[in-house]
2 protein chains.
Amino acid sequence: MDKREKIITTAMNLFSQKGFEGTSVREIASAAGVNIAMINYYFVSKEKLFESVVEYKTSATRTMFAELDSNTALSPIEKVDKIIDRYVERMFAAPKFSHLLHRELSLSHRPKLHHAITEILLQNIFTIKTFLQKNIEKGVFKKVDTELTVCTIIGTISNILVSEEMCRKMLRKNKDFNPYQSKKLKERISEHLKQLMRSHLLKTNKTFKQ
Amino acid sequence: MDKREKIITTAMNLFSQKGFEGTSVREIASAAGVNIAMINYYFVSKEKLFESVVEYKTSATRTMFAELDSNTALSPIEKVDKIIDRYVERMFAAPKFSHLLHRELSLSHRPKLHHAITEILLQNIFTIKTFLQKNIEKGVFKKVDTELTVCTIIGTISNILVSEEMCRKMLRKNKDFNPYQSKKLKERISEHLKQLMRSHLLKTNKTFKQ
DNA sequence: TGAAATTAAACAAACGTTTAATTAATTTTT
DNA sequence: AAAAATTAATTAAACGTTTGTTTAATTTCA
C-alpha cells in the first residue's frame with residue numbers, strides 16, 4: 001500500500017473512533033508511520049483529507065443498489081429481502097464508518113462536507129424509494145409512506161449498531177459478545193426487517209416464518 | 001436564569017450544533033455572557049460540564065415512559081400509539097440534543113460519558129421492550145423480536161431527524177421547509193410508525209387508516 | 001469581616017500548517 | 001549509457017493560534 005492510501009485508511013479508522021475534531025493530524029501521521037508534513041503535502045488540509053476519506057470509502061459501494069434495482073429475476077418482495085440483506089451486510093462491514101457519516105451529518109458547522117455526505121446517502125435512499133413506489137402503483141404493495149419506510153429500514157440498522165456497549169446491554173449479552181462480528185446478530189436483524197416489511201408492504205396476509 | 005443554568009443551556013446548544021470537541025470553552029463563555037473562568041469555577045472541567053448538560057436535559061423526561069407504562073386505561077395497541085406519539089414529541093422538542101447523545105454514543109474515547117448516556121437510553125428501551133413482551137405472552141401481539149422492534153421505532157425517528165438538509169431533500173421539500181418545526185411532518189412520522197406497528201404486532205388483519 | 005462570585009491575565013500544551021533543506025526518483029541532454 | 005537537470009518525496013523544525021485550565025487580585029454580597 002502506498003503512503004497516500006495508508007494515510008487515508010489510517011485517518012478513516014481514527015476519525016471513525018474519535019471523530020473529526022477528536023483526531024489530530026499528528027496522531028494520523030504517527031499511526032500511519034509518515035511524517036506530519038506528508039499529510040498537508042498530499043491532501044492540502046485536514047478537512048480535505050476528510051473529504052478524501054469519504055470519497056475513497058463510498059466510491060466502491062455506490063453502484064450496489066442501482067445494480068440490485070436492475071435485476072429483474074426477482075419478485076418485488078424478494079427484492080426487498082435482498083435490499084435488506086445488502087444493507088445489513090454493508091453496515092456490518094464498516095459500522096464505525098457509518099457512524100462517522102451520521103455524526104458528520106448531524107453537525108452543521110462544516111457545510112461542504114455535510115453536503116457531500118447528504119448527496120451520497122440520498123442516492124441509495126431514492127433508489128429504494130422509487131422501487132417501492134413503482135410496486136405500489138402496480139398494486140403489488142400497500143399504499144405506505146415510501147420515504148419513511150426507507151427511513152425505517154436504514155434507521156433500524158444504524159440505531160442498533162450505534163454503540164457496541166449499548167447493543168450488548170440492549171440485547172442482554174455478556175462482555176465477550178462482539179456485536180459487529182456476530183453473524184447471528186446480522187441474520188437476526190435481517191430476519192426482523194424482512195418480517196416487518198412483509199407485514200408492512202404485502203396486501204395478502206402472508207406471514208413470514210412465524 | 002442564574003449564571004450556572006445559563007452556562008448549561010448555552011453549552012447544550014453549542015455542543016448540539018458543533019459537537020464536544022468542536023466547541024471551545026471560550027465560545028461557551030462568550031455566548032453565555034460570562035467570564036471564561038466561571039466555567040471551571042462552577043463545573044471544574046469542560047468534560048464535567050458536558051456531563052452536567054446531559055444530566056440536566058434528561059432528568060426531566062426520565063419518568064415519561066414509566067408513567068405511560070403504568071396507565072391502565074388504554075388497550076395494548078393504544079399504548080403503542082401513545083409511546084410513538086410521546087417519543088416523536090420528545091425528539092422534535094430537542095432534535096439537536098438527541099443528535100448530541102447519539103454522536104457521543106458512537107464515539108469510544110470518552111468512556112465515562114459513553115456509559116452515562118447508555119444507561120439513560122436503556123431505561124426507555126427496556127420499558128417499551130418489557131411492555132411488548134408482556135403482551136406477546138398474553139397472546140395479544142404476534143411473536144416479534146421485541147428488542148429490534150424498539151430499535152425500529154427509535155431508529156426511524158432519529159434517522160429522519162439526523163439532518164435538516166437531508167430531511168428536506170429526502171422528502172423533496174423546498175428550502176423554506178423547516179423539518180424540526182413542522183407539525184405536519186411530526187404527524188406523518190407518527191402515522192407511519194403506528195401503521196407499521198399495527199401490521200407488525202397485531203394478529204388480526206386490522207389495517208389502520210388505509 | 002468573611003465567604004462567594006467575578007475578573008483579566010497568564011499558563012503550558014496541543015493544534016493545523018508552513019518553511020526550507022535534503023534525499024529519491026524521473027526526465028532530459030549529451 | 002552516463003551525466004546533468006528537473007521534479008517529486010521526505011524530513012525536522014518552527015510557525016502563529018488556539019486550546020483547557022489556573023492564578024491572584026478584586027468586587028459583591030451577606
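This is a short exchange about a predicted model, its two protein chains and a DNA strand.

Trainee: What should I know before reading the values?

Mentor: Residues are numbered from 1 along each chain as its sequence is written, and chains are lettered from A and ligands numbered from 1 in the order in which they are written. The model is predicted, so local features need pLDDT of at least 70, side-chain atom pairs count only at pLDDT 80 or more, and totals for chains, interfaces and linings use all residues, while side-chain values use heavy atoms, with hydrogens and water left out.

Trainee: What makes the pair D145(B) and R188(A) a polar contact?

Mentor: A polar contact is a pair of N or O atoms within 3.5 Å; within protein, one must be able to donate a hydrogen and the other to accept it, and residues adjacent in sequence count only if both atoms are side-chain atoms. The side chains of D145(B) and R188(A) are joined at 2.6 Å. Therefore the pair qualifies.

Trainee: Where is D145(B)?

Mentor: D145(B) sits in the loop between α8 (111-137) and α9 (146-160) of chain B. Helices are DSSP runs (H or I, at least four residues), numbered from the N terminus. A polar atom of the D145(B) side chain is also 3.2 Å from the backbone nitrogen of L148(B).

Trainee: Which residues does D145(B) contact, apart from its neighbours within four places in sequence?

Mentor: R188(A) and H192(A). Contact means heavy atoms within 4.5 Å.

Trainee: How do you know which residues are near DNA strand D?

Mentor: A residue is near a strand if one of its heavy atoms lies within 4 Å of it. DNA strand D is surrounded by 16 residues, with M38(A), Y41(A), V25(B), R26(B) and K46(B) the closest. Of the strand's atoms within 4 Å of the protein, 51% belong to sugar and phosphate.

Trainee: What does Y41(A) reach on DNA strand D?

Mentor: An N or O atom of the Y41(A) side chain is 2.8 Å from a phosphate oxygen of the strand. For Y42(A), the distance to a phosphate oxygen is 3.1 Å.

Trainee: Which element gives the most to this surface?

Mentor: α3(A), with four residues.

Trainee: Why is the relation between chains A and B called a two-fold axis?

Mentor: Copies are superposed by least squares on the C-alpha atoms of residues with pLDDT of at least 70 in both. Chain B falls on chain A after a rotation of 180° with 0.0 Å of shift along the axis (RMSD 0.0 Å). That is the relation of a two-fold axis. The same surface serves both copies, as 100% of the contact residues of chain B recur in chain A.

Key:
Helix = DSSP H or I, 4+ residues; strand = E, 2+ residues; numbered from the N terminus.
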